[in-house]
Amino acid sequence: MNNSGNTLLAIIAGSAIGAALGILYAPDKGENTRKLIADQAAATKNNLAESAVDLKNKVASKVLDEKQSLDTRVDSLVTDLSYKTEDVISTLEKKLAELKSKNKKLQKTS
């Protein structure tokens, strides 16, 4: 994404410079040349604004995708942890039952 943004910026800058040089060397009145330069500058400004909006939208989309991916991974981890917690609780309950049983036997023999 960064590479394509740099490439797009280079193309726009190159075309603006080329157009400006072409206009400056064209045999025309100064007034017409200045108007063409102003028009080309406005067009380049619009192109840059559109490129900035496109780049912003791409970044926003990527951030949203990454956020959704992170949310999914967090949900998966919480679910896995919940199952593991249940397993630990079950194991502890079994051990507690065994200890209670052994304790009852010891109390009867005493």
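The dialogue below walks through some features of a predicted model, with a visitor asking and a guide answering.

Visitor: Where should I begin, and how can I check the span of helix α2 against its number of residues?

Guide: A helix can be checked by setting an expected span beside the distance between its ends. Helix α2 covers residues 30–109, which is 80 residues, and at 1.5 Å a residue it should span 118 Å. The end C-alpha atoms of helix α2 are 116 Å apart, which agrees with that expectation.

Visitor: How do two positions within this part of the model, N57 and S101, compare in sequence and in space, C-alpha to C-alpha?

Guide: Here one sets a separation along the chain beside a distance through space. N57 and S101 are 44 residues apart in sequence, and their C-alpha atoms are 66 Å apart in space. N57 itself lies in helix α2, and it counts as partly exposed because its relative accessibility is 41%, a value in between the cut-offs of 20% and 50%.

Visitor: Which residues of α2 are buried?

Guide: To be called buried, a residue must have under 20% relative accessible area. In α2 the buried residues are T33, T44 and S51.

Visitor: How should I read a salt bridge, and how many are there by the rule used here?

Guide: The general idea is that side chains of opposite charge can pair when their charged atoms come close. In this model the count comes to three salt bridges, and we can take them one by one.

Visitor: Which residue forms a salt bridge with K35, and where do the two partners lie?

Guide: The partner of K35 is D39, with the closest N and O atoms 3.2 Å apart. Both residues lie in helix α2, four residues apart, which is about one turn of the helix. K35 counts as exposed because its relative accessibility is 51%, whereas D39, at 39%, counts as partly exposed.

Visitor: What are the details of the salt bridge between E66 and K62?

Guide: The side chains of E66 and K62 meet at 3.6 Å, N to O. These two residues are also found in helix α2, with a spacing of four residues, or about one turn of the helix. E66 counts as partly exposed at 41% relative accessibility, and K62 counts as partly exposed at 45%.

Visitor: And what is the N to O distance in the salt bridge of K67 and D71?

Guide: For K67 and D71 that distance is 2.9 Å. Both residues belong to helix α2 and stand four residues apart, about one turn of the helix, and D71 is partly exposed, with a relative accessible area of 34%.

Visitor: Turning to patches, which residues form the nonpolar patch on the surface?

Guide: A patch is read as a group of residues, so it helps to ask which helices supply its members, given that patch residues need over 30% relative accessible area. The nonpolar patch consists of I17, L21, L24, Y25 and I37, which together have about 550 Å² of accessible area. Helix α1, residues 2–25, contributes the largest share, four residues, while I37 is found in helix α2. I37 has a relative accessible area of 33% and is therefore partly exposed.

Visitor: Which residues make up the positive surface patch?

Guide: The positive patch is formed by K95, K100, K102, K104, K105 and K108. One of its members, K104, lies in helix α2 and counts as exposed because its relative accessibility is 55%.

Conventions: Residues numbered from 1 in each chain as written. Predicted model: local features only at pLDDT ≥ 70, side-chain atom pairs only at ≥ 80, totals over all residues. Heavy atoms only, no water. Expected span 1.5 Å × (residues − 1). Buried < 20%, exposed > 50% of the residue type's maximum accessible area, 1.4 Å probe, protein only. Patch = residues over 30% accessible without salt bridge, like charges linked within 9 Å, V, L, I, M, F, W, Y side chains within 5 Å. Areas by Shrake-Rupley, 256 points an atom, 1.4 Å probe, with all protein chains shown as cover. Salt bridge = Lys/Arg side-chain N within 4 Å of Asp/Glu carboxyl O. Lys, Arg positive; Asp, Glu negative; His and termini not counted. Charge placed at Lys NZ, Arg CZ, Asp CG, Glu CD.
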